[in-house]
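Colleague: I should be grateful for a close look at a single part of this model, together with its surroundings.

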Amino acid sequence: MDLANKYFNDIEWRYIDHSSGLEPMQSFAFDDTFSESVGKDLSPNVVRTWIHQHTVILGIHDSRLPFLKDGIAYLTDEMGYNAIVRNSGGLGVVLDQGILNISLMFKGQSETTIDEAFTVMYLLVAKMFEDEDVEIDTLEITHSYCPGKFDLSINGKKFAGISQRRVRGGIAVQVYLCVEGSGSERALMMKHFYDRALKGETTKFIYPDIEPQCMASLETLLNKKITVQDTMFLLLYAIKDLGGRLNMDPITDDEWQRYEGYFDKMIDRNAKMITKMNEK
């Protein structure tokens with residue numbers, strides 16, 4: 001079955017706009033909350049947009065860097081970025097006002113392969129930019145930050161990365177879209193972060209050797225002015241063009257209650273990282 005039809009045609013999607021007012025840890029807690037809602041048939045599929053101020057979202061492997069404290073000190077003291085550890089796969093990514101994050105939450109367990117879930121997001125992003133004279137590739141951009149086989153790139157330059165997480169019968173697929181500003185400057189910052197957090201030490205896990213020029217923003221790649229707000233409209237139009245039905249049902253009392261539990265888990269995870277750093 002065609003995946004676009006399976007996930008969008010005549011399928012209801014509940015739109016949650018979190019493009020302002022949230023802290024990053026709240027975002028990951030909400031995605032877990034909505035994944036559970038979808039997995040338990042308490043909600044239709046969910047699409048959520050989120051934007052955050054200057055924050056580097058680290059992966060679990062990043063939390064084990066030998067000199068993490070020095071890397072985070074560089075981000076906070078020199079660059080003005082906060083750092084937190086997320087609950088989904090991948091390595092460190094940069095969030096700021098020029099980055100649009102999109103989360104898709106839909107039902108699925110072992111019958112939905114990891115690649116299928118990633119492909120749903122790729123199809124949606126490709127639809128968003130189908131009017132542009134560009135080809136969006138899905139292959140690992142090895143020297144980017146947070147490299148993965150479903151990196152999205154144009155002419156070899158990465159502008160987006162996708163991660164996913166599975167919670168209680170629901171799947172959350174998350175993409176960050178580098179829309180505005182300089183993708184290579186963000187990559188340079190992450191290169192300096194890893195330089196300070198590794199200091200040349202050999203580790204079991206291989207961290208990325210970042211080459212900043214292999215990353216760029218959509219603004220640069222499309223050679224036109226495009227804003228995060230424009231991209232949010234493209235997202236909603238794309239879902240409708242694929243046959244999806246949108247609603248804006250509010251967050252339920254039950255969801256608020258479950259959200260509090262997931263938010264507490266995010267706080268605990270990050271508190272453990274800080275404790276480990278201070279022990280070194």
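Modeller: The following account takes one strand and then the sheet around it.

This is a predicted model, in which local features need pLDDT of at least 70 and side-chain atom pairs count only at pLDDT 80 or more, while totals for chains, interfaces and linings use all residues. Residues are numbered from 1 along each chain as its sequence is written, and side-chain values use heavy atoms, with hydrogens and water left out.

Strand 1 spans residues 12–18, and five of its seven residues are buried (under 20% relative accessible area, 1.4 Å probe, protein chains only). Helices (H or I, at least four residues) and strands (E, at least two) are DSSP runs, numbered from the N terminus. Two strands pair if DSSP finds at least two bridges between them. Strand 1 runs parallel to strand 11 (residues 245–247), with three bridges between them; here glutamate 12 has arginine 245 as its bridge partner. Strand 2 (residues 45–50) is also parallel to strand 1 and is joined to it by six bridges, with valine 47 as the partner of tyrosine 15. Between strand 1 and strand 2 the chain passes through helix 2 (residues 24–39) in a right-handed β-α-β crossover: with the strands pointing away from the viewer, the path from the first strand over the helix to the second runs clockwise.

The wider sheet is open and mixed, its eight strands following the order 7-8-9-10-6-2-1-11. Strand 7 (137–138) and strand 11 each have a single partner strand, so one side of each lacks a neighbour in the sheet. Strand 7 is antiparallel to strand 8 (residues 152–154), through two bridges.

Conventions
Buried < 20%, exposed > 50% of the residue type's maximum accessible area, 1.4 Å probe, protein only.
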